[in-house]
Structure formats: C-alpha cells, structure tokens
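Please open the model in a viewer and keep the selection tool at hand. The tour below proceeds stop by stop, each with something to select.

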Amino acid sequence: MKGFIRIDPERCKGCSLCMEYCPGHAISLTNRLNLKGYFVADFEDKKECTGCAVCAVMCPEVAIEVYQIEKTDER
Ligand code: SF4
Ligand code: SF4
C-alpha cells in the first residue's frame, strides 16, 4: 500500500509532530507562512509514504488528510 497526504496550510501551526512521527520522514517544514504567521509543513512526494495515517493521528490541528493507493495486479 502506498499513499500520500494533503496538509491544510491554514490549519497547520508548524508544531513538527507529524514530522517526528512519520516513519518515512516524508514531511518537512517549509519556509512558507500561513495567514496566522506559522511556517507550515508539507508532504515531500519523493519520499516513501505508506498511507499509515500516523501523521494525521498526531496532528493536533486535524490538518492532514491521508489517501491510500491500492496497487492493481497488471498481469
Ligand atoms: S501517512 Fe504515514 S508514511 Fe505517509 S506521511 Fe503520514 S505518517 Fe508518513
Ligand atoms: S502536526 Fe499538524 S499542525 Fe503540526 S506541523 Fe504537522 S500538519 Fe502542522
């Protein structure tokens, strides 16, 4: 199972919890500010994401949506 996430930049407060707990180290802090003045986190789509949803569980602002991609058998 692979996955990807979307982070709502206006909910994010840059607390880094998602980054600390992501087993694939697939989230990093950007130099972009949101309207509240926080540097926001973003998904690094070149990194490995399993869709495990640990980041979404850890996020205190409920800013992360997780999507899982099911592999299809192409035989
Ligand atoms: S779903 Fe899992 S692997 Fe993907 S970014 Fe979140 S914590 Fe990391
Ligand atoms: S845990 Fe949530 S609020 Fe904290 S940096 Fe990650 S997305 Fe932003």
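Begin by selecting serine 16, which counts as partly exposed because it has 14 C-beta neighbours inside 10 Å. The model on display is a predicted one. Serine 16 belongs to the loop between S1 and helix H1 (17-21). Its backbone deserves a look, for phi of serine 16 is near 80°, a positive value in a residue other than glycine. Most residues other than glycine have a negative phi.

**The whole chain**

Now display the entire protein as a cartoon. It contains 2 helices and 4 strands, and along the sequence these follow the pattern β-α-β-β-α-β. Along the principal axes, the C-alpha atoms fill a box of roughly 50 × 20 × 15 Å. Of the 75 residues in the protein, 19% are buried. Among contacts with a separation of 6 or more, 63% join residues that are 24 or more positions apart.

**The S2 and S3 hairpin**

Next, select strand S2 (residues 27-33) together with S3; the two pair in the antiparallel sense over 4 bridges. Within this pairing, leucine 29 stands opposite alanine 41 in S3. The hairpin has 5 residues between its strands, and glycine 37 there takes a positive phi near 95°.

**Isoleucine 27**

Remain on strand S2 and pick isoleucine 27, which lies in it. Is isoleucine 27 buried or exposed? It is buried, because 24 other C-beta atoms lie within 10 Å, and 20 or more are required for that class. Draw a distance from isoleucine 27 to phenylalanine 43: their C-alpha atoms are 4.5 Å apart, although the two residues are 16 apart in sequence. Leaving out residues up to four places away in sequence, isoleucine 27 touches Cys18, Met19, Cys22, Ala41, Phe43, Glu44 and Cys55.

**The nonpolar core**

Widen the selection to the largest nonpolar core, which has 14 residues; Ile7, Cys18, Ile27, Ala41, Cys55 and Ile64 touch the most other members. S1 and strand S3 (39-43) are the elements that give two or more residues to this core. In soluble globular proteins, nonpolar side chains tend to be buried together. From this group, select cysteine 18: apart from neighbours within four places in sequence, it is in contact with Ile27, Ala41, Cys55, Met58, Cys59 and Ile64.

**The two ligands**

Turn to ligand 1 and show its surroundings. It is surrounded by 15 residues, of which the closest are Cys22, Cys49, Cys52, Val54 and Cys55. Strand S1 (2-7) and helix H2 (54-58) each supply at least two residues of this shell. Colouring the shell around ligand 1 by class gives 11 nonpolar, 4 polar and no charged residues.

Then move to ligand 2. Which residues are the closest to ligand 2? They are Cys12, Cys15, Cys18, Ala41 and Cys59, out of 14 residues that surround it. By class, the shell around ligand 2 has 10 nonpolar, 2 polar and 2 charged residues. Cysteine 18 and alanine 41 thus appear both here and among the core residues that touch the most other members.

**Valine 62**

For the last stop, select valine 62, in the loop between H2 and strand S4 (64-69). Valine 62 counts as exposed because it has 10 C-beta neighbours inside 10 Å, and 12 or fewer place a residue in that class. Although valine 62 is not a glycine, it has a positive phi of about 50°.

Note on methods: Residues are numbered from 1 along each chain as its sequence is written. Chains are lettered from A and ligands numbered from 1 in the order in which they are written. This is a predicted model: local features need pLDDT of at least 70, side-chain atom pairs count only at pLDDT 80 or more; totals for chains, interfaces and linings use all residues. A residue is near a molecule or strand if its C-beta atom, placed from the backbone, lies within 6 Å of it. Ala, Val, Leu, Ile, Met, Phe, Trp, Tyr, Cys and Pro count as nonpolar, Asp, Glu, Lys and Arg as charged, and the others, Gly among them, as polar. A nonpolar core is a set of buried Ala, Val, Leu, Ile, Met, Phe, Trp, Tyr and Cys residues joined through C-beta atoms within 7 Å. Two residues are in contact if their C-beta atoms, placed from the backbone, lie within 7 Å. Two strands pair if DSSP finds at least two bridges between them.
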